[in-house]
Amino acid sequence: MEEGRNRIGHLDGLRGVAILSVVLWHYTNWDYVRFFPYGAMFAAIPVLDHGWVGVNIFFLISGYVILLTLERCSSFGQFMARRWLRLFPAMLIASLGIFAASRVLGDFMPHGRPDAVNLLPGLTFLIPPIWQAVLRRPVDELDGVFWTLYVEMGFYLSFGFLYFRLGWRRGLLTLTALWLMVLVAPPLAKLGDHQFMLKAIEVVQWFGTAYFGWFVSGALFLKSHDSPVVFAAAIIVGLVSAFTSGLWQPNDLLSSLYLSGCVAFFAAIQRMRALQRVLSSRFLLFIGAISYPLYLLHNEIGIGLIAAAPRVLPRFAFPLLPIAMAMAMMAAAWIVTRWAEPWTRVLVRLLLPRQARHQPAPPE
């Protein structure tokens, strides 16, 4: 993690809100009911049943802070080196931890006991179909939550390249054009039965382009502090994203409204100091600081432990498992955070140019 003085407090707190919503959703939602000794007891609780929207909040935050980071980097290479060094250490520790846990808890984990080759997508931040094409064999992801990291990396590569070639305005316009193309082109290609176009669009989607609207919205919020027009554009792009994002069910108006609420909340944070102070509470800042390793660790290992719990716990303790497991994963994430920071410092000394080592770290 970056030094505290280089971080944006209320965004760290918002990360805390986002990760808590995702973790608790994973420990209660319908998709994993077969693993829960408490069944669907919590699955229909309002707000909690849409905790997955925390991922879209992460995308908004990422668009905001990545543009800020780009403005403090001198080249595309330096930017990507910083991104990789920020993400890889915790991913390596989490991936090895999940793989090791699967040898013991595989019967209770959503992905069972994966082959070693399934470590590759997470460790390289490349979507499994790319590895399938390269290796000409089945490759799956180690953990279902890793899909957001592939999207993030696609955004870093795309926007980082465009930023240093075109600047932030034309870079964001190009990203917006790619995003809209991916939204509009597939139904048009299906109407004309253009299979080649559908295949080309599928390859473009490997970079997460269908979610680029969220990042564009977040970046526009960064640039909107002195411009009501840009602020309105950020909200519009966010709302379009809310009504076009892939949802669990087609034409799910309620989910789109939840996503719209995320955009409205993010917009309110930009203008309301009171909300910023609430999000800067010590607890949320702590959760935000460990949010990345918590995100990586909580799903497969946490669900595996919950599913195995009936072997050692009495039935009356089952309803306490979601909160208890969330707390246990927070402790594990704190440990990983403490260990990942030295890794990052060592890798920076080894891999970054000398002048980059002495520049202030950009906020995350």
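**Entry 1: Arg-113 and its partner**

I looked up Arg-113 and found that this residue is partly exposed, since its relative accessible area is 40% and the partly exposed class lies between the cut-offs of 20% and 50%. I keep in mind that the model is a predicted one. Arg-113 forms a salt bridge with Asp-107, and the closest N and O atoms of the two are 2.8 Å apart. Asp-107 counts as exposed, because its relative accessibility is 61% and exposed means over 50%.

**Entry 2: other salt bridges**

I noted that the count of salt bridges comes to four, and I went on to look at Arg-15, which forms one with Asp-12 at 2.8 Å between the closest N and O atoms. Both residues belong to helix H1, where they are three residues apart, or about one turn of the helix. Are Arg-15 and Asp-12 buried or exposed? I found that both are buried.

Next I turned to Lys-223, which forms a salt bridge with Glu-71, the closest N and O atoms being 2.4 Å apart. This pair links distant parts of the chain, as Lys-223 sits in the loop between H8 and helix H9 (228-244), while Glu-71 sits in the loop between H2 and H3, 152 residues apart. Lys-223 counts as partly exposed at 26% relative accessibility, and Glu-71 also counts as partly exposed, at 33%.

**Entry 3: aromatic rings**

I then looked up the aromatic pairs, of which the structure holds 21. One of them joins Phe-79 and Tyr-156, whose ring centres are 6.3 Å apart and whose planes stand at 85°, so the pair is edge-to-face. Phe-79 lies in helix H3 (residues 76-105) and Tyr-156 in helix H6 (residues 147-191), so this pair ties together parts that are 77 residues apart in sequence. Phe-79 counts as buried at 0% relative accessibility, and Tyr-156 counts as buried at 4%.

I also checked Phe-212 and Phe-215, which form an edge-to-face pair with 6.3 Å from centre to centre and 75° between the planes. They are three residues apart in helix H8 (residues 212-222), so about one helical turn separates them. Phe-212 is buried, with a relative accessible area of 0%, and Phe-215 counts as buried at 0% as well.

Which cluster do these rings belong to? I found that ring pairs link Phe-79, Tyr-156, Phe-212 and Phe-215 into a cluster whose members also include Phe-59, Trp-147 and Tyr-211.

**Entry 4: His-50 and its surroundings**

I moved to His-50, which is found in the loop between helix H1 (9-26) and helix H2 (54-70). His-50 is buried, because its relative accessible area is 8% and buried means under 20%. The side chains of His-50 and Asp-49 are joined by a polar contact of 3.0 Å. Setting aside neighbours within four places in sequence, I found His-50 in contact with Trp-25, Leu-254, Ser-255 and Tyr-258.

**Entry 5: Leu-254 and the nonpolar patch**

I followed one of those contacts, Leu-254, which is found in helix H10 and is partly exposed, with a relative accessible area of 46%. What makes up the nonpolar surface patch of about 400 Å²? I found that Leu-254 makes it together with Phe-243, Leu-253 and Leu-257. Helix H10 (residues 253-271) gives the most to the patch, with three residues. Leu-254 therefore appears twice in my notes, since this partly exposed residue is in contact with His-50 and also helps to make the nonpolar patch.

Notes
Residues numbered from 1 in each chain as written. Predicted model: local features only at pLDDT ≥ 70, side-chain atom pairs only at ≥ 80, totals over all residues. Heavy atoms only, no water. Patch = residues over 30% accessible without salt bridge, like charges linked within 9 Å, V, L, I, M, F, W, Y side chains within 5 Å. Areas by Shrake-Rupley, 256 points an atom, 1.4 Å probe, with all protein chains shown as cover. Salt bridge = Lys/Arg side-chain N within 4 Å of Asp/Glu carboxyl O. Helix = DSSP H or I, 4+ residues; strand = E, 2+ residues; numbered from the N terminus. Buried < 20%, exposed > 50% of the residue type's maximum accessible area, 1.4 Å probe, protein only. Polar contact = N/O pair within 3.5 Å; in protein donor to acceptor, adjacent residues only side chain to side chain. Contact = heavy atoms within 4.5 Å. Phe/Tyr/Trp six-rings, centres within 6.5 Å; stacked < 30°, edge-to-face > 60°.
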